[in-house]
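Student: I should like a close look at a single part of this structure, followed by an account of how that part sits within the rest of the chain. Please take me through it in one connected answer.

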Amino acid sequence: MYLEDYKIGKIYKLKSVYIDKKDIIKYAKKYDPRPFHISREKANETRFKKLFASGFMTLNLCWLQWVNTGFDEKGMIAGVGIENLVWKNPVFEGDTLFPSVEIYDIKRSKSKPNGIVTFKLYAENQDGNEVISCLLKALVSENLENSYEK
């Protein structure tokens, strides 16, 4: 999609994601090696009393579902920021996440054939509890093949 294809308020329901114990531990060992993400015994000592995923794993898995749609492949130039990242509830082994992306805002450049699209990424677990929410911003190109001088 190019900049002109995005519509504020449009919601994309994405492919669900199953959270597996092995994936939690593998991700944590490489990117967030806190004992409570790697060991059931250490996780049992936390307020959650069971193994839970790194919040960054949750973010990455949910964003991956958007990227895998290929919708933004043609116009995407680069990500430019994340705002208001909140992990609202823990994600446990055995959970299934249902991510969505809403087109939250669009700011067209006044001088260049591009703009900033703000995506609201959020996900609920199988019980309907929201587990993550954030605003992701990306620089997106207009479709230069369809552009013309005014």
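Tutor: The part chosen here is helix H4, and the place to begin is its meeting with helix H1: Asp 23, Ile 24 and Tyr 27 in H1 are in contact with Phe 56, Met 57 and Asn 60 in H4. The model is a predicted one, and what follows should be read accordingly. The axes of H1, which covers residues 21–31, and of H4 come within 10 Å and cross at roughly 110°. That angle makes H1 roughly perpendicular to H4, because angles of 65 to 115 degrees are counted in that class. The crossing of H1 past H4 is right-handed.

Consider next the helix itself. H4 comprises the 15 residues 55–69. At 1.5 Å a residue it should span 21 Å, and its end C-alpha atoms lie 22 Å apart, so the expected and modelled spans agree. The N-terminal end of H4 is capped by Ser 54, which places a side-chain oxygen 3.2 Å from the backbone nitrogen of Phe 56. Just after the other end of the helix, Gly 70 adopts a positive phi of about 75°. Within H4, the buried residues are Gly 55, Met 57, Thr 58, Leu 59, Cys 62, Gln 65 and Trp 66. Met 57 thus belongs to the buried set and also to the group that meets H1.

Two residues outside H4 show what else touches the helix. One is Leu 14, in the loop between strand S1 (11–13) and strand S2 (17–18). Leu 14 has a relative accessible area of 11%, and it is therefore buried, the limit being under 20%. Setting aside residues up to four places away in sequence, Leu 14 touches Cys 62, Gln 65, Trp 66 and Thr 69, together with Pro 99, Ser 100 and Val 101. Cys 62, Gln 65 and Trp 66 are themselves among the buried residues of H4.

The other is Asp 32, which lies in the loop between H1 and helix H2 (35–38). With a relative accessible area of 14%, Asp 32 is likewise buried. Its contacts, apart from neighbours within four places in sequence, are Tyr 27, His 37, Ser 54 and Phe 56. Asp 32 therefore touches the capping residue Ser 54 and also Phe 56, whose backbone nitrogen the Ser 54 side chain approaches. Tyr 27, another partner of Asp 32, is one of the H1 residues that meet H4. Asp 32 is 31 residues along the chain from Met 1, and the C-alpha atoms of the two are separated by 33 Å.

The loop that leads into H4 from helix H3 (40–44) also merits attention. Thr 46 is located in this loop and is buried, at a relative accessible area of 15%. Its side chain comes to 2.7 Å from the backbone oxygen of Ala 43. Beyond neighbours within four places in sequence, Thr 46 is in contact with Phe 36 and Phe 52. Thr 46 and Leu 14 are 32 residues apart in sequence, with 31 Å between their C-alpha atoms.

Lys 49 occupies the loop between H3 and H4 as well, but it is exposed, with a relative accessible area of 53%. Its phi is near 65°, a positive value in a residue other than glycine. Most residues other than glycine have a negative phi. Asn 84, in strand S3 (residues 76–87), also has a positive phi, near 55°. At 55% relative accessibility, Asn 84 is exposed.

It remains to place H4 in the chain as a whole. The protein chain contains four helices and six strands, and from the N terminus these elements follow the order β-β-α-α-α-α-β-β-β-β. Of the 150 residues, 40% are buried. Among contacts between residues at least 6 apart in sequence, 70% join residues at least 24 apart. Ser 141, in strand S6 (residues 130–141), provides an example of contacts away from H4: it touches Tyr 2, Leu 3, Gly 75, Ile 77, Pro 113 and Asn 114, not counting residues up to four places away in sequence. At 14% relative accessibility, Ser 141 counts as buried. Along its principal axes, the C-alpha trace of the chain spans about 65 × 30 × 25 Å.

Methods:
Residues numbered from 1 in each chain as written. Predicted model: local features only at pLDDT ≥ 70, side-chain atom pairs only at ≥ 80, totals over all residues. Heavy atoms only, no water. Helix = DSSP H or I, 4+ residues; strand = E, 2+ residues; numbered from the N terminus. Expected span 1.5 Å × (residues − 1). Buried < 20%, exposed > 50% of the residue type's maximum accessible area, 1.4 Å probe, protein only. Polar contact = N/O pair within 3.5 Å; in protein donor to acceptor, adjacent residues only side chain to side chain. Axes fitted to C-alpha atoms, helices over the stretch in contact; angles between N-to-C directions. Parallel < 35°, antiparallel > 145°, perpendicular 65-115°, else oblique. Left-handed = near helix turned anticlockwise from the far one by under 90°. Contact = heavy atoms within 4.5 Å.
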